[in-house]
Amino acid sequence: MEEKNVFMLKAIELSIKSAETIGGPFGCVIVKDNKIISEGSNKVTSTNDPTAHGEIVAIREACLKLNTFNLSGCELYSTCEPCPMCLSAIYWSHIDRVFYANTRDDAKNIDFDDTFIYSEINKKIEDRKIKMIQMHRDEALKAFKIWDEKTDKIKY
């Protein structure tokens, strides 16, 4: 458990450095075989990228370093409970375990409130704030059919 403390403290160090500069107060490290393989801090405002949360930055770096999209065997240490976007990326990347420090309520208390997004996910498409309009489904299904019938596809 001692090394897990070291990993979380490194993520916290990254979050403090980010908060003291131009980033948001979030940090993350990804660990494989008890070694940090990637680090991330919030770079939303410094890169003008709304997806550049600490977890996403760390996942991208880990995938590049390991040359894979599948991070099975890895653990993620985040200074905050992952937001819906980051949580989805964690599932898609097959990370084994997540350790976090602050809660979503702690984040809400400093104006990082994901409550609205969580509520939108559960709504019917037609009831969401952002209008979603389906079009050209029949044409788009062609790619799905090709994928479904493909014998050499790489599943993820």
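This section describes the fold, the surface and two local regions of a predicted protein model.

The protein holds 7 helices and 4 strands. Along the sequence these elements run in the order α-β-β-α-α-β-α-β-α-α-α. The C-alpha trace spans about 55 × 40 × 30 Å along its principal axes. The chain counts 156 residues, of which 31% are buried. Contacts were also sorted by sequence separation. Among those between residues at least 6 apart, 47% join residues at least 24 apart.

The surface and the charges were then examined. The exposed area is about 10,900 Å². Carbon and sulfur atoms supply 56% of that area. The protein carries 22 positive and 25 negative charges. The mean positions of the two sets lie 5 Å apart.

Strand β1 covers residues 27-32. This strand is mostly covered, with 5 of its 6 residues buried. β1 pairs with two strands, β2 and β3. The pairing with β2, residues 35-41, is antiparallel and comprises 6 bridges. Within β2, Ser38 stands opposite Ile30. β1 and β2 form a hairpin with 2 residues between the strands. In this hairpin Asp33 adopts a positive phi, near 55°. The pairing of β1 with β3 is likewise antiparallel. It comprises 5 bridges. Here Cys28 has Ser78 of β3 as its bridge partner.

Strand β3 also takes part in the surroundings of helix α4. This helix spans residues 84-92. Its residues Pro84, Cys86, Ala89 and Ile90 are buried. The cover over the buried residues of α4 comes from both helices and strands. The helices include α3, residues 54-66, and α6, residues 115-121. The strands include β3, residues 74-80, and β4, residues 97-102. Thus β3 pairs with β1 and helps to cover α4. After α4 comes His94, which has a positive phi near 65°. A positive phi is therefore found at two described sites: Asp33 in the hairpin of β1 and β2, and His94 following α4.

Note on methods:
Residues numbered from 1 in each chain as written. Predicted model: local features only at pLDDT ≥ 70, side-chain atom pairs only at ≥ 80, totals over all residues. Heavy atoms only, no water. Buried < 20%, exposed > 50% of the residue type's maximum accessible area, 1.4 Å probe, protein only. Contact = heavy atoms within 4.5 Å. Areas by Shrake-Rupley, 256 points an atom, 1.4 Å probe, with all protein chains shown as cover. Lys, Arg positive; Asp, Glu negative; His and termini not counted. Charge placed at Lys NZ, Arg CZ, Asp CG, Glu CD. Pairing = 2+ DSSP bridges.
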